[in-house]
Amino acid sequence: MSRLFWPPFMFKMKLKYLLAFLPLLLISCKEEPIPYEVHKVTKSGTVIDCKGKDFNEGKVTEIRVSSSIKNVTIRNCSLKGSIRVFGLGMNGEDEKVRESSYKTGHTERAQAAAPSDVLLSNLTIEGVQRIPVYLAPGVTRATIENSKFVGNTVSTVIYLDAESANNTIRNNTFSVEGDLSLRQFRIREVIAVDGSAYNQIIGNKFEEAVGGGVYLYRNCGEGGTVRHQPPQHNVIEGNNFNLTGLHWGNYGVWLGSRNGNRDYCSADDGYEFGSSVNNGDFADYNTVKGNKFSGSDDTIRNDGRNNVIN
């Protein structure tokens, strides 16, 4: 029977079943009820070497590397929680980031204010709802290598935020379970490259990627912040993607995954540069080569220009 001719009682039945499942759906949408301890790193040259032991005795912890410091190393640790590296602001919607974005030269200011040359090596990070590794606006030359990511997240596993650049993600294994959140009713991609450029994502193993693998986009307008730098000149090479169970509409690699498809893109209107002028992703001049995909035919989607794919 066509639903155009369903009698009223059938619509009532559909609503009844939807309402019955709603509590279960809401329970599955985790909104970070678990408290985190915070460990701050504020000095250049800091080295944290756990020598294979648990960081902070296994307590749920966020390590925060902040300000314009350099040459921080975190290695040989099992961390239950997350690492956040930031300078000008905690995220792309921070007040200082937003105010800077209303003037030309924002990318340079964000990079000058953020940490650089941070090394995260030989770690096991168990995600607890938050993003396990978040590089905030302006972070440059960070390296995430030879590490294992497990646990769960209501967002991505690694997030490279706007105006960051020249970061390296290599030889890691991603086995993090994605969860729904009340903010976004979908499981996210493993790595988000959001207005971040000249990064290398090489030799990683994506064991769990039902929400997608690596997505390049520019998050136009969120929080009223103008995004200046497009996600360009990135290299995604020699990775192994297991796409078994990939959700409909997702891909192993997606160059230009948003292109203005968000209701907040107009929140940065009124300026003569960046995403204020054009909501497009401009995911161009990237290189995707030598990757292996299994479990799905939805491997690479190219919505940019002048990308090299082979």
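## The parallel sheet

Ile48 stands opposite Ile74 in β4, one detail of the sheet described here. This is a predicted model, in which local features need pLDDT of at least 70 and side-chain atom pairs count only at pLDDT 80 or more, while totals for chains, interfaces and linings use all residues. Residues are numbered from 1 along each chain as its sequence is written, and side-chain values use heavy atoms, with hydrogens and water left out.

Nine strands make up an open sheet with parallel pairing, in the order β2-β4-β6-β9-β12-β16-β19-β22-β25. Strands here are DSSP runs of E with at least two residues, helices are runs of H or I with at least four, and both are numbered from the N terminus. Two strands pair if DSSP finds at least two bridges between them. The edges are β2 and β25 (308-309), each of which pairs on one side only.

Let's walk through a few of the pairings. β2 and β4 run parallel and are joined by three bridges. Over five bridges, β4 pairs with β6 in the parallel sense, and Val72 stands opposite Val118 in β6. Strand β6 (residues 116-121) is in turn joined to strand β9 (residues 143-145) by three bridges, again running parallel; there, Ser121 stands opposite Glu145 in β9. As background, side chains in a regular strand alternate between the two faces of the sheet.

## Two disulfides

How many disulfides does a search of the whole structure find? There are two, a disulfide being a pair of cysteine sulfur atoms within 2.5 Å. Counting bonded cysteines along the chain, the pattern is 1-2, 3-4.

Cys50 is joined to Cys77, with an S to S distance of 2.0 Å. This link is right-handed, with 85° about the S-S bond. It connects distant parts of the chain, 27 residues apart: Cys50 sits in the loop between β2 (47-49) and β3 (61-66), and Cys77 in the loop between β4 (70-75) and β5 (78-86). Cys50 and Cys77 are both buried (under 20% relative accessible area, with exposed being over 50% and partly exposed in between, for a 1.4 Å probe and protein chains only).

The other disulfide is formed by Cys220 and Cys265, whose sulfur atoms are 1.9 Å apart. Cys220 lies in the loop between β18 and β19 (235-237) and Cys265 in the loop between β21 (253-255) and β22 (287-289), so this pair ties together parts that are 45 residues apart in sequence. Cys220 and Cys265 are buried too.

## Val214 and its surroundings

Val214 is part of strand β18 (residues 214-217). Is this residue buried or exposed? Val214 counts as buried because its relative accessibility is 0%. Its C-alpha is 6.1 Å from that of Ala192, although the two are 22 residues apart in sequence.

Beyond its neighbours within four places in sequence, Val214 has contacts (heavy atoms within 4.5 Å) with residues including Ile191, Ile236, Phe206, Phe241 and Trp254.

## Aromatic rings

Phe206 and Phe241 also appear among the aromatic pairs, of which the whole structure holds nine. Rings of Phe, Tyr and Trp (its six-membered ring) pair if their centres lie within 6.5 Å; planes under 30 degrees apart count as stacked, over 60 as edge-to-face and the rest as tilted. The Phe206 and Phe241 rings are stacked, because their centres are 4.3 Å apart and their planes are at 15°. This pair links distant parts of the chain, 35 residues apart, with Phe206 in strand β17 (residues 205-206) and Phe241 in strand β20 (residues 240-242). Phe206 and Phe241 are both buried, and they belong to one aromatic cluster with Phe149, Phe174 and Phe293.

Tyr251 and Trp254 form an edge-to-face pair, at 5.1 Å centre to centre and 70° between the planes. Tyr251 and Trp254 are buried as well.

## Arginines to look at

Two arginines sit over rings (CZ of Arg or NZ of Lys within 6 Å of the ring centre and within 35 degrees of the ring normal). Arg130 lies over the face of Tyr36, 3.7 Å from the ring centre, and Arg258 over the face of Tyr217, 4.0 Å from the ring centre.

Arg84, placed in strand β5, counts as buried because its relative accessibility is 18%. Arg84 and Arg64 are 20 residues apart in sequence, with their C-alpha atoms 4.9 Å apart. Outside the neighbours within four places in sequence, Arg84 is in contact with residues among them Glu62, Met90, Asn91 and Tyr134. A polar atom of the Arg84 side chain lies 2.6 Å from the backbone oxygen of Met90.

Notes: Polar contact = N/O pair within 3.5 Å; in protein donor to acceptor, adjacent residues only side chain to side chain.
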